[in-house]
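Q: Please zoom in on one part for me and go slowly. I'd like to hear how its side chains meet, and then how similar contacts turn up elsewhere.

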Amino acid sequence: MHREESEDIKQRAPGKVLLEAVCNHLNLVEGDYFGLEFPDHKKIMVWLDLLKPIMKQIRRPKHVVVKFVVKFFPPDHAQLQEELTRYLFALQVKQDLVQGRLTCNDTSAALLISHIVQSEIGDFDETIDCEHLAKNKYISQQETLEDKIMEFHRNHIGQTPAESDFQLLEIARRLEMYGIRLHPAKDREGTKINLAVANTGILVFQGHTKINAFNWAKVRKLSFKRKRFLIKLRPDVNNSFQDTLEFLMASRDFCKSFWKICVEHHAFFRLFEEPKPKPKPVLFTRGSSFRFSGRTQKQVLDYVKEGGHKKVQFERKHSKIRSIRSLTTQPSEQHSEVPKQSCSFTFGDDADSPAVQSCRQGKELKASTEDVGQRRSPSLKKSPKEGGKVDGAVMVTMEEEEEVVKDRTQQNRSQSQQPSTAGSLTGSPHLSELSINSQGAPVVANMSLSPNLSPDAKQSSPLISPLLNDPSYIRTDDEEEVRRKRFPTDKAYFIAKEVSTTERTYLKDLEVITSWFQSTVSKDDYMPETLKNFLFSNFEPLHKFHTTFLKEIEQRLALWEGRSNAHIKGDYQRIGDVMLKNIQSMKQLTVHLRKHNEVLMELENGIKNSRKLETLCRDFELQKVCYLPLNTFLLRPLHRLMHYKQIMERLCKHYPPNHVDFRDSRAALAEISEMVVQLHGSMIKMENFQKLHELKKDLIGIDNLAIPGREFIRLGSLSKLSGKGLQQRMFFLFNDVLLYTSRGLTASNQFKVHGQLPLYGMTIEESEEEWGVPHCLTLRGQHQSIIVAASTRTEMDKWTEDIQMAIDLAEKSSGPTPELLASSPPDNKSPDETTVDQESEDDLSASRTSLERQSPHRGNTTVHVCWHRNTSVSMIDFSIAVENQLSGNLLRKFKNSNGWQKLWVVFTNFCMFFYKSHQDNHPLASLPLLGYSLTIPSESENIHKDYVFKLHFKSHVYYFRAESEYTFERWMEVIRSATSSASRTRVLSHKESHVY
C-alpha cells in the first residue's frame, strides 16, 4: 500500500522549514541530531543551510536527491532519550556498514549484524537466519561471517528491537570510524591524509587509521583561506607544537564545506545555547557570515528532560516483530531506560539512507512523503525474561496533571509483550522522494496518529482518575467554611492536631516493618531466625505502644472539637497532660530504641552475606507500601522523638506561664529532651550508616562504599569538561574521596562509577575565565585533575564550600587513604584528553548481558531526582529533612483546573506523597520538591482563597490550601526546608553534635 503525505512550503523558505517539516512528519523530537544533505552544483556533498532560502542552495532541483541522515553523533548514545531517535541512529549504522563507511574487524562486524538481525526477525532460528542473511547483505564478504553472525545471534534470545538498537549503538560508538566522514586533504609536506570532525574535535586520519586529534579544548580558532584549512591551537605549556596547523584541500568549496561542519559541531556540542547572529557591517563585509542555527545538544537534553513534547507511537518496517510498549512511565524528568518493550516501526526499503528524498523543479515547493505497507508477523514471540511477575510496583513522581504514578501490578502485567492493535501509521518515518517546486502557501498535512503508546507513554494519573475526581471527593467551598467555623481555632488545638496527623503516619511507617515486612520474611527462610527475632522483638513493642498513644490523642481531640458528650471547657482543651503521661511511659521503651543501631547493622550484614535475603529485601522495596528505602523505616523511631520535642517546644512557646496546660507541657518537654540527648549520638551514626548503604544501591562498580570512618557529605549533578565537551555526571562527596559517575540507560537505573579523586592533597579553584564555562571549578588532585561546571552560582558555592571542608578534614587525618574502591579503576585522563572508552572484542560480545544482570531499581530516589533536576543535596540537608516532616489533609488545585481536591499528604525525604485518605497503605503519587520554588499566589492568578501556597518548577505549577493559619505556616516551613538549603554555619550551631 502506498500513501502520500504532502506539505506546501513557501518559495523563499529557509532550510530550517524543510528540516522541521521532515521531523514533524516523523514525529521526531530530537531532530537536531539530523540534517539534510545534497550534492551542490559541483557534485560536492553539502549540508542544507538552515538559515538560507532553499531555492538559493538547490539551484537546479529537478534531479537533486536530498538525504535525511544523522549529522551529529553524541559521545554516548545514552544521551538519546527517545526510542525513535535511537532507531534512526541504528539505521544510520546499518547504512554505514552497507556502504563500507563504518569499517571494523570481523568480530565487531558479526556482532553488529547479529543485533540488526535480532531486531529484524526476532529470536534465533537457524533456518530463518540462513534465509534472511541470504536475502540481505549488510557487509561485503558477508558469506564468510555467517557462522559467526548466527553464533552471536543465538545469544540474543528475548532481546527486543529497542534493546537491539541500544546494544548496536553501544558497540558501534566504540569503533574508530563511528560517525566519521572523511574529507581528503594534504599536510604541509604534501602527504595525503583525511580530515574529519567529531563531537570531541578535529581528527586526522591516514587511510582509515586515526593518527592525530585536536580536541575542542585545544583549538583556539578555525579558519580557511582559499584551499587552505587552518587550525589555530591554544599555546602549550612546553611550546612543543606549532601554533597554527595548515592543511590543503582540493578546492575552496571543499575547504569551506568542511569548515562549516566544524563550526556546527563545535557549537552543537560545546555551547550552552545557539550563538547570536553577528551585527551586519555598515560598509564592507569580511569573512563568512555563516553561523550555527538550531538548538545545541544541551538545549535538546534540557527540552526532553522537561517533557515539553508529546510522545507518539511509531512502527518498524524492517522488523517482523510486532510489539507495543507497555503503559508505564519513566522518572519525572523523562529520562527513559532501555525499554523492555518496543513499538513496531514502518520504514523505507532503501538501505542507502534512513530517508531519501529527491527534489524536482516545478511551480510549488512541496514535501511529499510516502508510507510503505508493512509486513505482518504471523506470531508474536514472548521473551522468557519478561514472563515473570514481581509483587509490587515502582511509584513514580507526579509532574503536571497528565503525569502518572506507576502501579506495580499493572507494570508487571504489561511486562509481557502484547500484540499491536494499531493499524499502519501515516506518521511512519519512511520518506519517499521529496519534490521541490516554487509556490504555494503552507498547508499542513493531515496525519492520523495512533494513541499515545510510545516508549514513555503515560496513563492518566490516579490523582485525576474518575475515582478521585468524583464530585463526592471534592470538598466545596461552602462545606469548608461550615467545617472551619465548627472546629476550634486555638493554635494549641492545631498543634495537638499535628501530633495526631503525624502519629498516624508514624504508625503506618512502623507497620511497614511489623506487618508488611514481617509477612514477607515469614514466607521464606531467607532471614536467619536470630535476626528475625532481634528485628521484630524491638519493633513490635513500639507499634503496640503507639497504637494506644494515637487512640488517646484522637479521643482528646474529639472532646476538644465537641464531638463527644463531654463539653466542659478547659478540662479537655489541652494536650500537655496526654503528652506527659505517654512520654513518661515511652521511657520504658528506651531499651529497644538503643538497640536500633545494632538492628540496622545486623540487617545490612545479613543482606551482605546472603544473596537470597538481598533479593528479598530488594523486591520488598519495589512494593508500593515501601515508599522509602527499607532501612529508612528503621530510623523512624529515633526521628519521632525529635518530632515530639519540636512539637512540645512550639506548645510551650505558645502557652503563657499561667495557662492550665503549661506545667504539664513543660514537664513533657523536659522528659522528651532528656531522651533525645541520650539517643542523639546513636541516631547521627545510624543516619550516616544508612545513607552509605542507600547510596551503595544506586552505584555500580563499587564494592566497599560503607566502611568504618567514611562519612557522606554531598551528592549532586555537575557537568564534567573533557575532550567530548560538557557531559552530565553525578558526583558523590565523602570525607576521603570524590566519586563521579554517569547514568546509563539500563534496566537497573543505577549510576556507573567512572573515577575517584582522593581528597588528600587536592586543591580547588574557580576557572570560569580559563575555560570560558560559567560556574566552572578545577579540582587538582595528586594524580589527576578534572574540570566541572555547576548549573548555577549557588550550586557552585555549595560544592566549593563542602569540597574545601572535606579537603581540610582529609588534611587533618593521618595521610592519604589507599584506593578504597577496588572495583572502580582510576581514571587518569586529563581534561584535554579524549576520554573514549576502550573495550576489547571479547568485552563487546558480552555487552548486552549487563541488562540481564542488573536488578530492578526504584527510579525516584533522591539521587535520581538530583540528576533530573540538575541540583545537589548534602548530609546536612538530609538531617534538616528528618526534622521537617509533616502529615495532614491539603486541598490541591492544578494550574488549569477549577475545583480543589482533598488529599492526605505526607511530606518526608524532600518529597510530597499523596494519598486518597490517611487510611491508605500506600501513596498514589509523589512529587519530589528539590528544585521547586515555594511562593504565595499573586493577585493575577485569581486564587482568592486563604492559606494557599504555590509550588512551581519550570512549567509545573501546583496550588495547595491549608485549613488554618497555623497549618499553612507549618507547611510553608517544612517545604521551604526542601526547596532551599540552609547554610552550614546555621545548621551546625543548631545541632549539638554532628557527623562532621
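A: What follows starts at one loop and then moves on to other contacts. First, some housekeeping: this is a predicted model, in which local features need pLDDT of at least 70 and side-chain atom pairs count only at pLDDT 80 or more, while totals for chains, interfaces and linings use all residues. Residues are numbered from 1 along each chain as its sequence is written, and side-chain values use heavy atoms, with hydrogens and water left out.

Let's begin with K71, which forms a salt bridge with E264, their closest N and O atoms being 2.9 Å apart. K71 is in the loop between β4 (64–70) and α3 (83–99) and E264 is in helix α8 (residues 252–270), so this pair ties together parts that are 193 residues apart in sequence. (A salt bridge here is a side-chain nitrogen of Lys or Arg within 4 Å of a carboxyl oxygen of Asp or Glu; helices, H or I with at least four residues, and strands, E with at least two, are DSSP runs numbered from the N terminus.) Are these two partners buried or exposed? K71 counts as buried because its relative accessibility is 9%, and E264 is buried too, with a relative accessible area of 9%. (Buried means under 20% relative accessible area, exposed over 50% and partly exposed in between, using a 1.4 Å probe and protein chains only.)

Now for the rings. Phe, Tyr and Trp rings (for Trp, the six-membered one) pair if their centres lie within 6.5 Å; planes under 30 degrees apart count as stacked, over 60 as edge-to-face and the rest as tilted. By this rule there are 32 aromatic pairs. One of them brings us back to our loop: F73 and F89 pair edge-to-face, 5.7 Å from centre to centre with 80 degrees between the planes. F73 sits in the loop between β4 and α3, F89 sits in helix α3, and they are 16 residues apart. Both F73 and F89 are buried.

For another pair, look at F731 and W799: their ring centres are 6.5 Å apart and their planes are at 70 degrees, so this pair is edge-to-face. F731 belongs to strand β16 (residues 725–734) and W799 to helix α23 (residues 793–812), so the two tie together parts 68 residues apart in sequence. F731 counts as buried at 1% relative accessibility, and W799 is buried with a relative accessible area of 1%.

Back around the loop, F73 and F89 belong to one aromatic cluster, whose members also include F72, F68 and Y178.

What about other salt bridges? A search of the whole structure finds 36 of them. R611 and E614 meet in one, at 3.6 Å from N to O. Both lie in helix α18 (residues 611–621), three residues apart, about one turn of the helix. R611 is exposed, with a relative accessible area of 65%, whereas E614 counts as partly exposed at 34%. K691 and E694 form another, with their closest N and O atoms 3.2 Å apart, and both of these residues are buried. Salt bridges that share partners also join E498, R650, R970 and E973 into one network.
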